[in-house]
Amino acid sequence: MIRALDAQLEACERDGQTLRVEARVPEHLDWFEGHFPDQPVLPGFVQLLWVAELARERLAFAPVYSGIEALKFREPLLPGDAFSLHIDAGPALRFALRRGDALVSEGRL
């Protein structure tokens, strides 16, 4: 089972329904196996699992997901990458994952 803590959390700050996380993608995750042989890339669904699990564990956000809206994967997330994740648990769960200034992924669940 994937755990949000599979990402190496370096900082986590909560403000009401908003969560900001600083983390690093571990160098070795089973999710990299076969995705892709010459250049491991963290699969997009793992990013979504991290978002959902962090929202549930750190924001007590336990919705019944009925769909994914406005989902965009813009940049690959690679082993060892440091990233920041912003989650807003309003009526819909919104997130933006960045590597430095680059937007890696964003969406609304």
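**Figure 1. Order of the secondary-structure elements in the predicted model.** From the N terminus on, the elements of the protein run β-β-α-β-β-β-β, which comes to 1 helix and 6 strands, where helices (H or I, at least four residues) and strands (E, at least two) are DSSP runs numbered from the N terminus. The radius of gyration, taken over C-alpha atoms, is 13 Å, close to the 13 Å that the globule rule (2.2 Å times the number of residues to the power 0.38) gives for 109 residues, so the protein is as compact as a globular protein of that length. Because this is a predicted model, local features need pLDDT of at least 70 and side-chain atom pairs count only at pLDDT 80 or more, whereas totals for chains, interfaces and linings use all residues. Residues are numbered from 1 along each chain as its sequence is written, and side-chain values use heavy atoms, with hydrogens and water left out.

**Figure 2. Close-up of Ser105 in strand β6.** Ser105 has its place in strand β6, which spans residues 102-108, and is buried, with a relative accessible area of 0% (buried means under 20% relative accessible area, exposed over 50%, and partly exposed in between, with a 1.4 Å probe and protein chains only). The side chains of Ser105 and Gln47 are joined by a polar contact of 2.7 Å, that is, a pair of N or O atoms within 3.5 Å, of which, within protein, one must be able to donate a hydrogen and the other to accept it, while residues adjacent in sequence count only if both atoms are side-chain atoms. Leaving aside residues up to four places away in sequence, Ser105 touches Gln47, Lys72, Phe73, Phe95, Ala96 and Leu97, a contact being heavy atoms within 4.5 Å.

**Figure 3. Close-up of Phe45 in helix α1.** Phe45 is found in helix α1, residues 44-59, and counts as partly exposed at 42% relative accessibility. Between the C-alpha atoms of Phe45 and Gly80, which are 35 residues apart along the chain, the separation is 18 Å.

**Figure 4. Close-up of Ala60 and Ala70, with positive phi values.** Most residues other than glycine have a negative phi. Ala60, in the loop between α1 and β3 (69-73), has a positive phi near 55° and counts as exposed at 66% relative accessibility. Ala70 lies in strand β3; its phi is likewise positive and near 55°, and Ala70 is partly exposed, with a relative accessible area of 48%.
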